[in-house]
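Grab a coffee and work through these short exercises with the model open beside you. Try each task before reading its solution.

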Amino acid sequence: MPRYEFTEGSSSKFWEITLEGTTLTKRWGRIGTDGQEKVEEFDSKAEAKKAYEAQIHEKERKGYTLAEGGDGDGGEATGESAVNPELEAAILAKPDDVKGYLAYAAWLEGEGDPRAEFIRLQHSALDAPAAKATAVHKQAAKFVEDHAGELLGESLAEAVSDESLKLEWHLGFIRSARLGQVDYDSVADVPELLGELLAHPSARFLRSLTIGMASFDGENEYDDTLEALAKAKPAPPLRSLFIGDFEFPDETEISWTHVGDLKPLYKIYPQLQELRVRGGEVDFGKIDLPELRSFTVETGGLHQGAVKDIVKAKWPKLEALEIWFGQENYGASGGVKDLKPLLDGEGVPALRKLGLRNSEFTDELCAALPKAKILAQLEALDLSMGTMSDAGAQTLAENAKAFGHLKSLDVTRNFLTKAGQKTVATVARSVASGNQRTPYDEESRYAAVGE
């Protein structure tokens, strides 16, 4: 196995790689030790060769040179950081315990990995006075900049540089990431970038992931991105996932975005506590996310099947639910009758905040809610962006006793007149009713977001 070495300052490391068919075998560590070994299998010889050449290039870029007597045809070291599955398991079991990270730092130091210093640097800011913490954060940012190649690898570092990838670090590892194309000139391959991020040791403890624009060229589709997310091995312990972080209509129309099939994600990310989806053509299927606290779907046209999938879900810990229904012209279907399991409070014992927004049947909701079993457990109700008329406002006012316990009621961006706004003003403790829209006529009320 050919050998590459890097000696500079306190660093004294070796790296070896061998390519045999579709198999890459790599060994690395401190010079004078046996180091550790990793074997990677690829689907084809072409993929293995591509990875082999890329990793050699990465090491040479970092200053590794072929050791005397080494054979450059056999292989080279990995561009990945050192990993210790046992220490990772300890952190995953107690993700908020800094002791696990400090133990990892001690091991990484023995491997000559710069993340050891990075972990300790960020740890020093945790309980420090504000002035010192600010100074340490600046040092940490400089550390990431100076060691981007070692902490991320070349392509991820380039993505950070062009802002298609934004990261937040915690104790030497990536805690939060947002990735997406930044403008029409962007060439970032979002699914490929995501796959590389999820495979990198620095993202092993990733807690929050946000996906922005997948493409400015044509329709914005997330099928390949979701596939990359589903293939992550090992999967990071995601707690928060936002698919579709784009501005509409400035970047793209909401109904021009195709989200795709979310079903494969449920088993892979069972610890999700927050899920937010923006776009059209969403396939939820049977939702099984028992740890979820917050669920939001923002769309211009939610089809009846998706509505039924949402209201049939069993979410024992769900505290906040927000549904945008959209316009019939853009695929919205269904109505109040489809919401019956939710209105009856089935499967959501912890729900406190409910948003039934962007609906073309808001007046019908106003009539159904006073008798809904779910209402008694709510603290906040959002009926904004819909088609509420003064008649709907009057229905709420006539049933004010049923809504009186609510801390907040939002009826903004509907079709209330000044009189209608006054009618609903005292229905709950706090009522937001501004920014109303004006219909062309009584029959032309529509949900705020469709296209």
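**Exercise 1: a charged patch**

Task: find which residues gather in a patch of negative charge on the surface.

Solution: in this predicted model, look for Asp 189, Glu 192, Glu 219, Glu 221, Asp 223, Asp 224 and Glu 281, which together make up the patch of negative charge on the surface. Now pick out one member, Glu 281, and you'll land in strand E13, covering residues 280-283. Next, check its exposure: the cut-off for exposed is over 50% relative accessible area. Glu 281 has 55% relative accessibility, so it counts as exposed.

**Exercise 2: a sheet and its edges**

Task: work out the order of the five strands in the open sheet, and say which stand at the edges.

Solution: start with the order, which reads E4-E3-E2-E1-E5, with antiparallel pairing. The edges are strand E4 (36-41) and strand E5 (65-66); each has a single partner strand, so one side of each is left without a neighbour in the sheet. Then zoom in on E5: strand E1 (residues 3-8) pairs with E5 in the antiparallel sense over two bridges. Here you'll see Glu 5 opposite Thr 65 in E5.

**Exercise 3: one alanine**

Task: decide whether Ala 148 counts as buried or exposed, and place it in the chain.

Solution: first, Ala 148 sits in helix H6, residues 148-152. Second, the cut-off for buried is under 20% relative accessible area. Ala 148 comes in at 17% relative accessibility, so it counts as buried. Finally, try a distance: the C-alpha atoms of Ala 148 and Pro 341 are 51 Å apart, with the two positions 193 residues apart along the chain count.

Key
Residues are numbered from 1 along each chain as its sequence is written. This is a predicted model: local features need pLDDT of at least 70, side-chain atom pairs count only at pLDDT 80 or more; totals for chains, interfaces and linings use all residues. Side-chain values use heavy atoms; hydrogens and water are left out. Patches are made of residues with over 30% relative accessible area and no salt bridge: like charges are joined within 9 Å, nonpolar side chains (Val, Leu, Ile, Met, Phe, Trp, Tyr) within 5 Å. Accessible areas come from the Shrake-Rupley method with a 1.4 Å probe; for residues, only the protein chains shown count as cover. A salt bridge is a side-chain nitrogen of Lys or Arg within 4 Å of a carboxyl oxygen of Asp or Glu. Lys and Arg count as positive and Asp and Glu as negative; His and the chain ends are not counted. The place of a charge is taken as NZ of Lys, CZ of Arg, CG of Asp or CD of Glu. Helices (H or I, at least four residues) and strands (E, at least two) are DSSP runs, numbered from the N terminus. Buried means under 20% relative accessible area, exposed over 50%, partly exposed in between (1.4 Å probe, protein chains only). Two strands pair if DSSP finds at least two bridges between them.
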